[in-house]
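Here is a friendly walk through some side-chain pairings and one histidine. Have the structure open as you read.

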Amino acid sequence: MTNILVVLSGSDHWTLADGTKHPSGYWAEEFVVPHKTFREAGFDVTIATPGGVTPTVDKASLTPEMNGGDQGRAEELRDYIDSLRGELDSTMRLEDVNPGDFDGLFIPGGHGPMEDLAVSEALGVLLVGMLDSGKVVSGVCHGPSGLFAAKRADGSWAFAGYRLTGFTNVEEDQVGFADKAQWLLETRLREEGAEFASGAPWAPYVVTDRNLVTGQNPASSEPIARQLVDMLSASA
């Protein structure tokens, strides 16, 4: 059976440039859609967080307004998360993960990852190990912020030179946080040495470079999950 590790932020906030702690966490759609897709494909899915804490869903991601005005869609996301309450309340400690136990790794977004995953030494070690062993590494929206933690022994960034995507500066501006953030994901990815690519704001967009797969925004959740299923199934 194919084993995939879903790494969720353990933070319930995102610290803004003025020191304000903005309520945050993981984004519902970016977790639920891939998780469901992986399970339907017959994958074994393990959820891990820093310290094994119970992850917090960003409440904004469960509102109809953030789901195309669709109340039913918002309720579906909430119900799916509720159905996983046992797993979410007993997540694996990221620090205890053996990369040899998994075929791939996926990081959902939300602003939470910018708070904790971007600086997680445990995630960094895991990412470098999986990348170098040819296993699939992936993230969607703000999830690729976790890639910043992947530093090699010489201090270099493991993903320098990779073509990838993530939540764009334009999209961050349109949700009202571009002028409030300590740093912007697109800008920092470019500064770190990534070859950043993007599609139209809010439209599905997925980039694959070697064994790294990234998606731009919430709308990319389904296509990136399908891409991961295809890649992992082909290598099984």
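The notes below cover charged pairs and then the surroundings of a histidine.

## The model and its salt bridges

Please keep in mind that this is a predicted model. Eleven salt bridges are found in the structure. Three of them are described here, beginning with a pair that connects distant parts of the chain.

## A link between two strands

Glu 195 and Arg 163 form a salt bridge in which the closest N and O atoms are 4.0 Å apart. Their positions make this a link between distant parts of the chain: Glu 195 belongs to strand E9 (residues 195–196), Arg 163 belongs to strand E8 (residues 163–164), and 32 residues separate the two.

How exposed are the two partners? Glu 195 has a relative accessibility of 45%, so it counts as partly exposed. Arg 163 is also partly exposed, at 33%.

## Two pairs in helix H7

Helix H7 spans residues 185–192. Within it, the side chains of Arg 190 and Glu 186 meet in a salt bridge, with 3.0 Å from N to O. About one helical turn separates Arg 190 from Glu 186, because they sit four residues apart in the helix. Is each partner buried or exposed, or in between? Arg 190 is partly exposed at 43% relative accessibility, whereas Glu 186, at 12%, counts as buried.

The second pair is Glu 192 and Arg 188, whose side chains form a salt bridge at 3.9 Å, N to O. Glu 192 and Arg 188 are likewise four residues apart in helix H7, so about one helical turn lies between them. Glu 192 is partly exposed, with 27% relative accessible area, and Arg 188 is partly exposed as well, with 22%. Through shared salt-bridge partners, Arg 188 and Glu 192 are joined with Lys 151 into one network.

## The surroundings of His 111

Where does His 111 lie? It is in the loop that runs between strand E6 (104–107) and helix H4 (112–115). With a relative accessibility of 8%, His 111 counts as buried, because the cut-off for that class is under 20%.

Which residues does His 111 touch, apart from its neighbours within four places in sequence? The contacts are Trp 14, Ser 24, Gly 25, His 142, Glu 172 and Phe 177. With two of these, the side chain of His 111 makes polar contacts: one to the side chain of His 142 at 3.4 Å, and one to the side chain of Glu 172 at 3.0 Å.

Asp 58 offers one more reference point: it is 53 residues from His 111 in sequence, while their C-alpha atoms are 8.4 Å apart in space.

Conventions
Residues numbered from 1 in each chain as written. Predicted model: local features only at pLDDT ≥ 70, side-chain atom pairs only at ≥ 80, totals over all residues. Heavy atoms only, no water. Buried < 20%, exposed > 50% of the residue type's maximum accessible area, 1.4 Å probe, protein only. Contact = heavy atoms within 4.5 Å. Polar contact = N/O pair within 3.5 Å; in protein donor to acceptor, adjacent residues only side chain to side chain.
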